[in-house]
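Okay, thanks everyone for coming. I've got one structure to walk you through today, and I'll start at the ligand and work outwards.

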Amino acid sequence: MKICIENKDRHGLVYDISKILLKYNVNIISMEVIKNTTYLETEALSYKGEQKILSELHELSGIVQIKSIMLMPHNEKYQQMDIVFNTINEGIIITDKNGNIIYINKVAVKILKIPNDDILGQNISKALPFCKLLLKTLQTGKKYLHHEVYAEEYDNHYMVSSQPLLDENNNLSGGVAVIRDMETVRQIYQKITGQPSISFKDIIHQSDIMEKLILSAQHYASSNSTILIRGETGSGKELFARAIHNASPRHDNIFLAINCTAIPDTLLESELFGYEEGTFTGANKGGKLGLFELASGGTLFLDEIGDISSTLQAKLLRVLQEHRVRRIGGNREIPINVRIISATNCNLEQMVKDGLFRQDLYYRLNVIPLYLPPLRERKEDIRLLANYLFQSTVNNINTSIKSISQEAFEKLTNYDYPGNVRELSNIIERAINVAQGSQITAEDIILFNQMQNTSCAHDLNEYSTLNLDEALRRTEKNILQQAMKKFSSSRKLGAALGLSHTSVIRKMKEHNLSFDKNN
Ligand SMILES: Nc1ncnc2c1ncn2[C@@H]1O[C@H](COP(=O)(O)OP(=O)(O)OP(=O)(O)O)[C@@H](O)[C@H]1O
């Protein structure tokens with residue numbers, strides 16, 4: 001029987017209720033008193049027995065009404081808590097101060113892959129021995145945030161935070177652990193760091209060669225095979241890699257890009273493979289997740305792959321063959337599911353012949369080869385690209401420049417672009433800064449060879465007796481002097497040289513240059 005007895009405020013009611021139950025030898029399961037209401041749960045009774053007790057309870061003085069209830073208040077609260085905790089995506093485990101589990105939600109059961117959720121009341125050290133962080137909280141009373149746990153024997157990989165529960169006197173009364181599976185962690189990372197999603201539509205082109213390339217790349221997107229993109233710097237290799245990822249079944253997962261030449265070799269190794277706690281002095285506590293693990297489920301773009309050391313080549317080969325990584329300083333193998341897209345401008349075939357790049361790795365990476373032609377071999381794209389880059393720049397700034405003149409387009413089309421689309425983009429940005437009228441003129445288009453010719457046309461012999469620093473200083477001065485002949489203000493000079501206004505002034509001072517002296 002479960003009832004609630006509303007009563008007027010009076011002393012001794014609980015005693016009177018208990019006396020009636022004792023008289024009929026009825027076992028009380030629980031009794032709660034909240035203000036003027038007493039909640040009572042007894043063992044199951046026969047209909048007759050229940051009616052007898054109810055009528056005697058009604059006889060007690062001060063009783064307002066007696067109603068039958070479905071749940072005792074504490075059960076109701078537990079149920080509400082259970083509903084809330086089962087609608088969130090995090091796993092929750094709550095223990096008392098001795099580590100006995102008093103609550104675990106369904107998400108935690110799923111993340112921790114517990115065969116049955118009947119672990120309530122058991123001690124966490126026995127029931128969930130890999131939940132060491134919560135035990136640590138119970139020992140120290142401290143909270144710990146975002147620790148990664150990989151328990152191989154249970155095939156568990158998750159991120160956990162734990163924090164103490166304190167009673168009203170600030171004494172430790174238990175602990176709570178919040179658990180996120182690694183997939184969720186990756187998705188959060190993707191949301192925070194994710195760059196705008198690039199699709200094939202974002203690859204501006206008009207040439208047939210690019211059209212064909214995009215069609216093949218779209219086709220390859222659905223496969224899981226490695227792709228090796230070849231092409232000169234700035235030709236759009238990363239753009240293609242992103243578009244392939246976003247057109248692939250992996251598009252909901254992460255795309256990570258790393259430039260293999262941008263960081264020193266040892267650092268690159270720890271970036272890619274991660275490391276275990278205590279591997280290096282000064283390393284992160286709890287170790288570090290490598291990019292292979294972080295990109296699991298998604299795509300890892302390895303730019304400038306031709307520049308990795310032979311040690312890294314061997315390690316990368318193992319990952320591609322075994323689909324597992326081993327962190328530096330660790331001995332466990334972590335399964336990963338990453339699509340590798342790599343890119344290079346090196347002649348890998350020649351490097352293989354010269355013994356500089358492993359042949360077996362070359363074959364593993366080069367399952368699908370894509371060749372991105374340099375911009376000078378698809379001149380039809382230049383006008384469209386120039387207009388696109390012009391529009392995207394002027395849309396973001398306040399300028400009176402409306403278009404690019406015909407002569408400027410001609411100058412742009414006749415140039416060779418060693419830096420490809422990235423260089424074209426810089427040229428357009430520089431032109432927008434330099435132009436004075438409503439149109440970009442041919443004069444505003446300053447090409448790299450032009451800058452080189454005007455500023456660096458010096459015989460190497462002239463520098464051969466100088467150390468490098470002095471040679472660089474002279475070159476810098478020459479560039480400034482040449483550019484100052486063309487531009488009459490430090491602002492324009494800065495825009496043309498890709499420097500801030502203040503840097504130009506500083507550099508002019510360093511070289512004792514001024515517009516009056518120079519011109
Ligand atoms: N077809 C294109 N349409 C629009 N933007 C492009 C195109 N090709 C390249 N870009 C832009 O040019 C810049 C350089 O492209 P990206 O970084 O993809 O080149 P990359 O070949 O990977 O260069 P690197 O080898 O130096 O890393 C980027 O800002 C990119 O958005």
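**Around the ligand**

So, where does the ligand sit? Both domain 3 (194-371) and domain 4 (375-445) contribute residues to the shell around the ligand, so it lies between the two. Keep in mind that this is a predicted model.

The shell counts 16 residues, and the ones that come nearest are I204, G236, K237, E238 and V421. If you sort the shell by chemistry, you get 7 polar, 5 nonpolar and 4 charged residues. Two helices are worth picking out here: α9 (237-246) and α17 (420-434) each put at least two residues into that shell.

Let me stay on α17 for a second. N420 belongs to that helix, and N420 has a positive phi of about 55° without being a glycine. Is N420 buried or exposed? N420 counts as buried, because there are 22 C-beta neighbours inside 10 Å, and the cut-off for buried is 20 or more.

Now set that beside K35. K35 is another non-glycine with a positive phi, about 50° this time, but K35 sits in the loop between β2 (28-34) and β3 (37-42). K35 has 8 other C-beta atoms within 10 Å, so this residue is exposed.

**The cores**

Okay, on to the packing. The largest nonpolar core has 39 residues, and the members touching the most others are I229, L256, F292, A295 and L300. And which helix gives the most to this core? That's α9, with 4 residues, and α9 is one of the helices we just met at the ligand shell.

Take F292 as a way into this core. Ignoring neighbours within four places in sequence, F292 is in contact with L272, F273, L300, V319, V325, I336 and V338. Apart from this core there's another one, with 22 residues, including L375, F390, L424 and I445.

**A helix with one buried face**

Next up is α16, residues 406-413. Which of its residues are buried? They are A408, K411 and L412, and yes, there's a lysine in that list. Looking down the axis of α16, the buried residues fall within an arc of 100°, so they line one face of the helix. The textbook background is that an α-helix has 3.6 residues a turn, so residues three or four places apart point the same way. What covers the buried residues of α16? The cover includes α15 (380-394), β19 (403-404) and β20 (439-440).

Speaking of α15, S392 is found in that helix. S392 has 13 C-beta neighbours inside 10 Å, so S392 counts as partly exposed. S392 and E429 are 37 residues apart along the chain, and their C-alpha atoms are separated by 10.0 Å.

One more pair like that, over in α6 (residues 132-140), where you find T140. T140 is exposed, with 11 other C-beta atoms within 10 Å. Between T140 and P164 the C-alpha to C-alpha distance is 8.9 Å, and in sequence they are 24 residues apart.

**The whole chain**

Last bit, zooming out. The chain has 519 residues, and 27% of them count as buried. There are 23 helices and 20 strands. And if you take contacts between residues at least 6 apart in sequence, 65% join residues at least 24 apart.

That's it from me, happy to take questions.

Technical notes: Residues numbered from 1 in each chain as written. Predicted model: local features only at pLDDT ≥ 70, side-chain atom pairs only at ≥ 80, totals over all residues. Near = placed C-beta within 6 Å. Nonpolar A, V, L, I, M, F, W, Y, C, P; charged D, E, K, R; others polar. Domains from an automatic or database assignment. Core = buried A, V, L, I, M, F, W, Y, C linked by C-beta atoms within 7 Å. Buried ≥ 20, exposed ≤ 12 C-beta atoms within 10 Å, placed from the backbone. Contact = placed C-beta atoms within 7 Å. Arc of directions from axis to C-beta.
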